[in-house]
Amino acid sequence: MAHGVWLRPDEGALLADRGVTVVVNTSSNLRLRSGLPPMRLLAQAGTPLAFGLDGMSLDDDEDMLREMRLAYHLASAAAADGEALSPTDVLKGVWETGRHTIVGDDGGGRIVEGAPADIMGIDFAALAHDAMTSRSDVLSLLIGRAQKRHVRLLIVGGRTVVDGAWGSKSSSSASISNTALFEDSALTPEKVKKITETKSLMRLYYNI
């Protein structure tokens, strides 16, 4: 089911019981002014949530990474009393639930032995160059900042289709043995130490 902006609590529970996925299209709903789906209610009912663009991203950029951010923040704003969905919930909806809805249970959406070789690599150095963060905050950074321009590697079905800056193509077979996919040049030990010290000083200054 797409959109789901008028779903009642009992309908959300029924969809969860039947295993029906609700595909949230936040940008499209905003542009059409049709309302927003009750994402927190659906998540609490156990209704599978996926996320899409519906061909109507908010500023026509077709950037799914930005769409995840929009859905995450609007879900929490609508809940009014805290986080309706966690970054993990949103990422699972995009990578696992959304995939399952389209192609069925092929084991994709995760990096495990035997799963389809679909991998996206993000330029974390560019993403976190001015952030006071740590490795434990990677998902928050991804939800909070990532855009398609940060994508440096895209492997689909074992075939590299993006290698380097967004828009560059490659027809080579997938091989990540020598790819700095998880290289974290933005967080050297010295920077981590400075971040920790700065956070301590900020807490002292603001008395938090």
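Is His3 buried, partly exposed or exposed? His3 counts as partly exposed, at 21% relative accessibility. Buried means under 20% relative accessible area, exposed over 50%, and partly exposed in between, with a 1.4 Å probe and protein chains only.

This is a predicted model, in which local features need pLDDT of at least 70 and side-chain atom pairs count only at pLDDT 80 or more, while totals for chains, interfaces and linings use all residues. Residues are numbered from 1 along each chain as its sequence is written, and side-chain values use heavy atoms, with hydrogens and water left out.

**Overall fold**

The protein chain holds 8 helices and 5 strands. Their order along the sequence is α-β-α-α-β-α-α-β-α-α-β-β-α. Helices (H or I, at least four residues) and strands (E, at least two) are DSSP runs, numbered from the N terminus. The chain has 208 residues, and 34% of them count as buried. About 12300 Å² is exposed by the protein chain, with 55% supplied by carbon and sulfur atoms. Accessible areas come from the Shrake-Rupley method with a 1.4 Å probe; for residues, only the protein chains shown count as cover. Among contacts between residues at least 6 apart in sequence, 59% join residues at least 24 apart. A contact means heavy atoms within 4.5 Å.

**Positive phi**

Most residues other than glycine have a negative phi. Two residues that are not glycine have a positive value here, His3 and Asp54.

| Residue | Phi | Place | Relative accessibility |
|---|---|---|---|
| His3 | about 75 degrees | segment before α1 (9-18) | 21% |
| Asp54 | near 60 degrees | loop between β2 (49-51) and α4 (64-79) | 40% |

Asp54 also counts as partly exposed.

**The β4-β5 hairpin**

Strands β4 (residues 151-156) and β5 (residues 159-163) run antiparallel, joined by 4 bridges. Two strands pair if DSSP finds at least two bridges between them. Val156 stands opposite Arg159 in β5. The hairpin has 2 residues between its strands, and Gly157 takes a positive phi near 60 degrees.

**A nonpolar patch**

Met202, Tyr205 and Tyr206 make a nonpolar surface patch of about 390 Å². Patches are made of residues with over 30% relative accessible area and no salt bridge; like charges are joined within 9 Å, and nonpolar side chains (Val, Leu, Ile, Met, Phe, Trp, Tyr) within 5 Å. A salt bridge is a side-chain nitrogen of Lys or Arg within 4 Å of a carboxyl oxygen of Asp or Glu. Tyr205 sits in helix α8 (residues 189-206). Tyr205 is exposed, with a relative accessible area of 66%.
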